[in-house]
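Subject: Structure handover

Hello,

Here is the structure we spoke about. Please open it alongside this email; the findings follow below.

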Amino acid sequence: MARPFYRKIYLRTLRAARKAGLRKRQNRQTIQSSRSLGPRIAVIGGGTGLSTMLRGLKTYTENITAIVSVSDDGGGSGVLREDLGMLPPGDIRNCITALANTEPTMVKLLNYRFPEGINKGQSFGNLFLAALNGVSGSFEEAVMKMNEVLAVTGKVLPVTNADCNLVADFENGASVVGESKIAAKKKEQNCRIQQVRLEPRHPQALPHAIDAILSADMIILGPGSLYTSIIPNLLVDGIVGALEKSKAPKVYVLNIMTQDGETEGYTAFDHLDALLQHSKPGIVDACIYNTAPVPDPIQARYRTEDAEPVIMDMGRFRAAGVEMYGFPLIANGSELARHDPKLLAQAVVNVFGQCCVREGVYGAYDLLARETGLGDM
């Protein structure tokens with residue numbers, strides 16, 4: 001007996017769906033097993049923004065170098081910096097944890113914070129890096145050992161081995177020393193930050209950080225706090241020069257919201273303009289920005305801190321010759337307007353595919369990566 005027409009259509013659709021599902025699984029497996037073919041990406045920044053980027057990006061490529069600012073003087077990092085005379089470990093630890101290929105229990109252990117006692121509020125990961133620093137010849141060597149112990153995808157590097165503090169100068173002539181003091185001082189002065197600088201001036205960048213920039217296929221700045229996570233890296237001698245020399249596309253990931261105590265009232269181009277003023281004109285080729293609407297309850301929460309969604313003033317970007325790439329990037333289910341690691345990584349892969357055309361098996365890998373959404377992986 002012949003099958004009814006609608007039944008034939010149903011079975012054909014079911015078979016097609018199954019084939020599509022199989023192809024998606026095969027593509028995901030291919031990407032996960034062939035990440036060594038992924039582009040060499042240098043990511044520059046600090047804070048939670050950088051670790052968010054890395055967490056998603058490691059799914060696509062093993063060839064990642066995270067170059068991390070080391071001017072933090074607050075929280076547990078500040079305590080260890082003052083007590084032990086070491087560079088702040090917090091942002092480094094977050095990035096290593098994001099790239100680590102280890103058991104979930106180990107990641108949980110590294111992020112564990114002591115609830116009481118002399119180490120109250122301190123994370124085990126910070127103490128672990130402090131111990132490695134004690135048995136190593138330099139902070140860079142300690143970080144490299146932690147990379148090895150935790151089987152990190154790619155590598156994490158401090159931007160410099162120099163012990164330096166971040167200084168903010170405000171438009172009214174006031175200044176403050178210490179990254180952790182900038183936000184409160186800005187509110188007190190009620191004016192914009194004119195510039196930030198490092199003391200002592202002109203610390204030297206790590207040679208490995210310079211090499212990573214010069215050998216990269218793509219360079220990402222951000223996301224993260226503009227004045228306290230991204231720009232401090234550009235104040236280290238050798239970084240801006242390497243960016244100028246590099247032929248790779250330089251892409252700035254714009255924040256979703258303005259930041260209380262740093263960028264209140266800033267438009268998207270104001271962020272880029274501040275970055276360029278602390279480096280060199282033309283140092284950024286393109287920007288990635290969020291196109292998804294920020295839910296009203298989240299906006300209401302940010303308004304209590306005088307923060308709002310970053311306004312995209314596209315005309316100024318076009319006048320500056322900066323390419324713009326928009327994607328929905330907000331993490332679902334969060335009480336804050338944060339980037340989703342998977343969506344952000346997929347955006348980076350898409351932009352790389354548009355900016356750089358690799359040939360042969362590398363080009364085939366890039367095309368496959370662009371077509372396979374990380375959200376399904």
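Strand β1 is largely enclosed by the rest of the structure, because 5 of its 5 residues are buried. This is a predicted model, so please read everything below with that in mind. I41, V43 and G45 point one way from β1. A42 and I44 point the other way. Both sets are buried.

What does β1 pair with? Strand β1 (residues 41–45) is joined to strand β2 (residues 64–68) by 5 bridges, and the two run parallel. Within this pairing, I41 stands opposite I64 of β2. The bridge partner of V43 in β2 is A66.

The sheet

β1 belongs to an open sheet of 7 strands. Their order is β3-β2-β1-β7-β8-β9-β10, with parallel pairing. At the edges are β3 (155–158) and β10 (323–327), each of which pairs on one side only. From one strand to the next, the twist averages 20°.

Helix α10 (residues 226–234) packs on this sheet. The strands touched by α10 are β1, β2, β7 (218–221) and β8 (250–253). The direction of α10 makes about 125° with that of β1.

Two helices to look at

Helix α12 (residues 268–277) is mostly covered, with 8 of its 10 residues buried. The buried residues are A268, F269, D270, H271, L272, A274, L275 and L276. What covers them? The cover includes strands β7, β8 and β9 (286–290), along with helices α10 and α14 (314–320).

Next, T97, which sits in helix α4. Is T97 buried or exposed? T97 has a relative accessible area of 9%, so T97 counts as buried, the cut-off being under 20%. Beyond its neighbours within four places in sequence, T97 is in contact with V107, L110 and N111. T97 and V107 are 10 residues apart in sequence. In space, their C-alpha atoms are 6.3 Å apart.

Pockets

The largest pocket has a volume of about 690 Å³. Its lining counts 27 residues. Nearest its centre lie T48, G49, Y302, A337 and R338. Two elements give two or more residues to this lining: α2 (47–57) and α13 (296–303). The largest share, 6 residues, is from α2. By class, the lining of the largest pocket holds 14 polar, 8 nonpolar and 5 charged residues.

The second largest pocket has a volume of about 450 Å³. Which of its 23 lining residues are the closest to its centre? They are G47, D72, D91, E179 and T228. Helices α2, α3 (75–84), α4 (90–99), α8 (182–189) and α10 each give two or more residues to the lining. α4 gives the most, with 4 residues. The lining of the second largest pocket divides into 14 polar, 7 charged and 2 nonpolar residues.

Some elements come up again here. α2 contributes to the lining of the largest pocket and to that of the second largest. α10, which packs on the sheet, also helps line the second largest pocket. So does α4, the helix that holds T97.

Cavities

How many cavities of 30 Å³ or more does a search of the whole structure find? The search finds 2.

The largest cavity has a volume of about 70 Å³. P39, I41, L57, Y60, T61, V349, F352, Y365, D366 and A369 line it. I41 is also the β1 residue that stands opposite I64. Helices α15 (341–355) and α16 (360–371) each supply at least two residues of this lining. The largest share, 3 residues, comes from α16. The lining of the largest cavity has 8 nonpolar residues, 1 polar and 1 charged.

The second largest cavity has a volume of about 30 Å³. Its lining is made up of S69, V70, S71, V159, T160, C164, L198, P232 and V236. Of these residues, 6 are nonpolar, 3 are polar and none is charged.

Best wishes

Definitions and conventions:
Residues numbered from 1 in each chain as written. Predicted model: local features only at pLDDT ≥ 70, side-chain atom pairs only at ≥ 80, totals over all residues. Heavy atoms only, no water. Pairing = 2+ DSSP bridges. Axes fitted to C-alpha atoms, helices over the stretch in contact; angles between N-to-C directions. Contact = heavy atoms within 4.5 Å. 1 Å grid on protein atoms, 1.4 Å probe; cavity = no way out; pocket = protein on both sides within 12 Å on 5 of 7 lines; lining within 4 Å. Points joined across faces, edges and corners; volume = space filled by probe spheres on them. Nonpolar A, V, L, I, M, F, W, Y, C, P; charged D, E, K, R; others polar. Buried < 20%, exposed > 50% of the residue type's maximum accessible area, 1.4 Å probe, protein only.
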